[in-house]
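Student: Could you take me through one part of this protein slowly, namely the charged side chains and how they pair or gather? I would like to see where they sit before I try to read the rest.

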Amino acid sequence: MSVRTPLKFVAVAAFTVSAGSAMAFEPQGKVECIAPADPGGGWDFTCRSVGNVMEQLDLVPANVQTINMAGAGGGVAYAHTVSKRAGDEQLLVAASTATTTRLAQGQFPGMTADMVNWVGALGADYGVIAVADDSEYDDLPELMEALKENPRSVKFAGGSAKGGWDHLKVLIAAQEAGVENLPRIPYLSYNNGGEAMTQVVGGHVDAFTGDITEAQGFMESGDLRVLAVLAEERLPGEYSDIPTAREQGIDAIGPNWRGFYMPADVSDEAKQYWMDAMDTIYESQEWKDVMTSNGLMPFHMSAGEFEQFVTDQIADINQLSKDIGLIQ
């Protein structure tokens, strides 16, 4: 059975804020970006890389301070934003498909997507399934064959919570490969992708599931071997030698958008400022360079379109999670 990808890529014309625009709101003093995980993962990368570009483009008055707030697959940061930061116009929180996955599965108890403001998305990371360089598995079909023989024979590690987006990517691939008893596949959750990869490289876990940006360092050191990227076609540039799952006969697609939400109860002017800032960042050469060097693919939405996209994606992942047996 083919699983429809929950991500719909849409080309959006960007609006660039001119230097002479009269703005009703401009950030003053400290701007914070919460990364809902420990250092070393995709959310941390999002805060730090976007923060750097904001500084280069003079969109903020000083440095953007990244605050790492791990826990509950992003739930600790989400609850903090909802309950303690309402009205804070100088707070951004890194988000991704992992965030909408947790919301879709009801993993942030008592909280829904409309309790925050969705500001914009600035690119998409594609999922990968990887093993240690000395692994016995040479390609994705070999690994999936092992799962067919015994679903508990391969242990996966990822940076999302159990049932989260990293876990889902494995189940999507396994379902497409014809593996049965999907809930029996072992998945170990770590606080970030870096920690998960360390377990794989150290021989404690068999395979890694995460995103290409997370895997970059371990790939370059030669410690991690990517069996497949979960993209429609091969990624450009230095990643072009990584085969897709699709070309290996497993039609699994796993894109992960990267973007931001901010607290509720902020002024319309503040929300507009940050949405316009996302457009400006996305169109900048500085951000294009970051995307190229980190394997991010084009994807951009802002304003009401992004909020509608989040709502639709949550509905899609909720259905997918039911189909795979993760939730009732």
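Tutor: What follows starts with the whole chain, goes on to the salt bridges, and ends with the charged surface and two unusual loop residues.

Please keep in mind that this is a predicted model, so every value below is computed from predicted coordinates. The protein has 10 helices and 10 strands. Its radius of gyration is 19 Å, close to the 20 Å that the globule rule gives for 328 residues, so the protein is as compact as a globular protein of that length. Along the principal axes, the C-alpha atoms fill a box of roughly 65 × 40 × 35 Å, and buried residues make up 57% of the 328 residues.

Now to the part you asked about. If we count a salt bridge wherever a side-chain nitrogen of Lys or Arg comes within 4 Å of a carboxyl oxygen of Asp or Glu, the count comes to 12 salt bridges. A good one to begin with joins the side chains of R48 and D44, with 2.8 Å from N to O. Both residues belong to helix α1, where they stand four residues apart, about one turn of the helix. The two partners can be described by how much of each is accessible: R48 counts as partly exposed because its relative accessibility is 37%, whereas D44 has 8% and therefore counts as buried, the limit for buried being under 20%.

A second pair within a helix is made by K169 and D166, whose closest N and O atoms are 3.0 Å apart. These two lie in helix α5, which covers residues 165–177, and they are three residues apart, again about one turn of the helix. With a relative accessibility of 1%, K169 counts as buried, and D166, at 6%, counts as buried too.

The next bridge is built from strands, and it joins the side chains of R258 and D211, with 3.0 Å from N to O. This pair links distant parts of the chain, since R258 sits in strand β9 (residues 255–263) and D211 in strand β7 (residues 207–211), 47 residues apart. Both R258 and D211 are buried.

The helix pair and the strand pair should also be viewed together, for D125, D166, K169, D211 and R258 are linked in a network of salt bridges. When you turn the structure, it may help to find K169 and D166 in helix α5 and then to look for R258 in strand β9 and D211 in strand β7.

Strand β9 also holds G259, which is buried, with a relative accessible area of 0%. In sequence G259 and V119 are 140 residues apart, yet in space their C-alpha atoms are 7.5 Å apart, and this gives you another place where distant positions along the chain can be compared in the model.

Let us turn to charges on the surface. R152, K155, K162 and R184 form a positive surface patch. One of its members, R152, lies in the loop between α4 (140–149) and β5 (156–158), and R152 counts as partly exposed because its relative accessibility is 44%. A negative surface patch is formed by E136, D138, E142 and D206. Among them, E136 is found in the loop between β4 (116–132) and α4, and E136 is exposed, with a relative accessible area of 63%.

Finally, there are two loop residues whose backbone deserves a careful look, one of them charged. Most residues other than glycine have a negative phi. D58, however, has a positive phi of about 60° although it is not a glycine. D58 is located in the loop between α1 (42–56) and β2 (64–68), and it is exposed, with a relative accessible area of 66%. A72 likewise has a positive phi of about 60° without being a glycine, and its place is the loop between β2 and α2 (75–84). At 47% relative accessibility, A72 counts as partly exposed.

To gather the charged part into one picture, you have a network of salt bridges that links D125, D166, K169, D211 and R258, a positive surface patch that includes R152, and a negative surface patch that includes E136.

Conventions
Residues are numbered from 1 along each chain as its sequence is written. This is a predicted model: local features need pLDDT of at least 70, side-chain atom pairs count only at pLDDT 80 or more; totals for chains, interfaces and linings use all residues. Side-chain values use heavy atoms; hydrogens and water are left out. Patches are made of residues with over 30% relative accessible area and no salt bridge: like charges are joined within 9 Å, nonpolar side chains (Val, Leu, Ile, Met, Phe, Trp, Tyr) within 5 Å. Accessible areas come from the Shrake-Rupley method with a 1.4 Å probe; for residues, only the protein chains shown count as cover. Lys and Arg count as positive and Asp and Glu as negative; His and the chain ends are not counted. The place of a charge is taken as NZ of Lys, CZ of Arg, CG of Asp or CD of Glu. Buried means under 20% relative accessible area, exposed over 50%, partly exposed in between (1.4 Å probe, protein chains only). The radius of gyration is taken over C-alpha atoms; the globule rule is 2.2 Å times the number of residues to the power 0.38.
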